[in-house]
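These are my notebook entries on one protein chain. I looked up the loops, the sheet, the surface and the overall dimensions.

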Amino acid sequence: MADIVLIRADFRLIHGQVITKWAKQTIANKILIVDDMLAKDSFMSSIYTMSAPPGMEVVIDTAEDAVSKWNSGGYGNCRLFVLIKDVPTIYALFKGGFPVKELQIGGLGAAPGRKVVFGPITLDLPDA
C-alpha cells in the first residue's frame with residue numbers, strides 16, 4: 001500500500017518549490033495530483049507530467065477516482081506526494097475516506113472575493 005509522505009494544497013501544483021524542496025525532502029517517488037478538471041484535460045495533464053523530476057511518476061485523478069484507487073490499493077507500493085489545488089477538493093477527498101491526516105498549505109491564489117489569511121494563502125466562502 002502507498003505511504004502518503006505529504007499532502008499539499010497549492011494552486012500551482014507542480015512548480016519549482018515543489019520539485020526542488022518538497023519532492024526531495026519527502027523522498028517521494030510518485031506524485032498524485034487530484035483535480036477533477038485537470039484529470040479530463042489530456043493536454044494540460046501532459047504538461048504537468050513533463051514538469052516532474054526525471055524518474056518521478058505522476059498520476060492525475062479526479063477526487064472520486066483518488067478515493068476509489070486509495071481504498072483498493074490502486075496506487076501500489078510507493079511514497080506518495082499528493083497535490084491539490086483547492087480546499088473543496090481536499091474536503092471531497094476527506095469525506096470520501098482518503099486519509100487526510102495532515103495538510104500543508106502552500107499558495108491558495110488571490111482572486112476577487114478571496115481574503116488574504118497569511119502570505120500567499122487566501123480563502124473565500126466556499127473554502128470555509
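**Entry 1: two loop residues.** I began with L13, which is found in the loop between β1 and α1 (16–26); helices (H or I, at least four residues) and strands (E, at least two) are DSSP runs, numbered from the N terminus. Phi of L13 is near 60°, a positive value in a residue other than glycine. I then read its accessibility: L13 counts as buried because its relative accessibility is 0%, where buried means under 20% relative accessible area, exposed over 50%, and partly exposed in between (1.4 Å probe, protein chains only).

I noted a second positive phi at I27, near 55°, again in a residue other than glycine. I27 is found in the loop between α1 and β2. Is I27 buried or exposed? The relative accessible area of I27 is 58%, so I entered it as exposed.

**Entry 2: conventions.** I recorded that this is a predicted model, in which local features need pLDDT of at least 70 and side-chain atom pairs count only at pLDDT 80 or more, while totals for chains, interfaces and linings use all residues. Residues are numbered from 1 along each chain as its sequence is written, and side-chain values use heavy atoms, with hydrogens and water left out.

**Entry 3: V5 in β1.** V5 lies in strand β1. I found V5 to be partly exposed, with a relative accessible area of 21%. V5 and I27 are 22 residues apart in sequence, and their C-alpha atoms are 8.1 Å apart in space. Leaving aside residues up to four places away in sequence, V5 touches T26, A28, R79, L80 and F81; contact means heavy atoms within 4.5 Å.

**Entry 4: the sheet.** I asked in what order the strands of the open sheet stand. The order of the 5 strands is β3-β2-β4-β1-β5, and the pairing is parallel; two strands pair if DSSP finds at least two bridges between them. The edge strands are β3 and β5 (104–105), each of which pairs on one side only.

I listed the pairings in turn:

- β1 (residues 3–9) and β4 run parallel, joined by 6 bridges; D3 has R79 of β4 as its bridge partner.
- β2 pairs with β3 (residues 57–61) in the parallel sense over 5 bridges; I33 has I60 of β3 as its bridge partner.
- β2 also pairs with β4 (residues 79–84) in the parallel sense, over 5 bridges; V82 in β4 stands opposite L32.

**Entry 5: β2 in detail.** How many residues of strand β2 (residues 30–34) are buried? I counted 5 of its 5 residues as buried. In a regular strand the side chains alternate between the two faces of the sheet. In β2, K30, L32 and V34 point one way and I31 and I33 the other way, and all are buried.

**Entry 6: I121 in β7.** I121 lies in strand β7 (residues 121–123). I entered I121 as buried because its relative accessibility is 16%. Apart from residues up to four places away in sequence, I121 touches I105, G106, L108, K115 and V116. I also checked I121 against D61: the two are 60 residues apart in sequence and 24 Å apart in space, C-alpha to C-alpha.

**Entry 7: a surface patch.** F43, M44, I47 and M50 make a nonpolar surface patch of about 410 Å². Patches are made of residues with over 30% relative accessible area and no salt bridge, with like charges joined within 9 Å and nonpolar side chains (Val, Leu, Ile, Met, Phe, Trp, Tyr) within 5 Å; a salt bridge is a side-chain nitrogen of Lys or Arg within 4 Å of a carboxyl oxygen of Asp or Glu. Accessible areas come from the Shrake-Rupley method with a 1.4 Å probe, and for residues only the protein chains shown count as cover. I placed I47 in helix α3 (residues 42–51). At 32% relative accessibility, I47 counts as partly exposed.

**Entry 8: the whole chain.** I recorded 5 helices and 7 strands, and from the N terminus on the elements run β-α-β-α-α-β-α-β-α-β-β-β. The radius of gyration is 14 Å, close to the 14 Å that the globule rule gives for 128 residues, so the protein is as compact as a globular protein of that length; the radius is taken over C-alpha atoms, and the rule is 2.2 Å times the number of residues to the power 0.38. Along the principal axes, the C-alpha atoms fill a box of roughly 40 × 30 × 30 Å. Buried residues make up 44% of the 128 residues. Of the contacts with a separation of 6 or more, 69% are between residues 24 or more positions apart. The accessible surface comes to about 7,100 Å², and 59% of it belongs to carbon and sulfur atoms.
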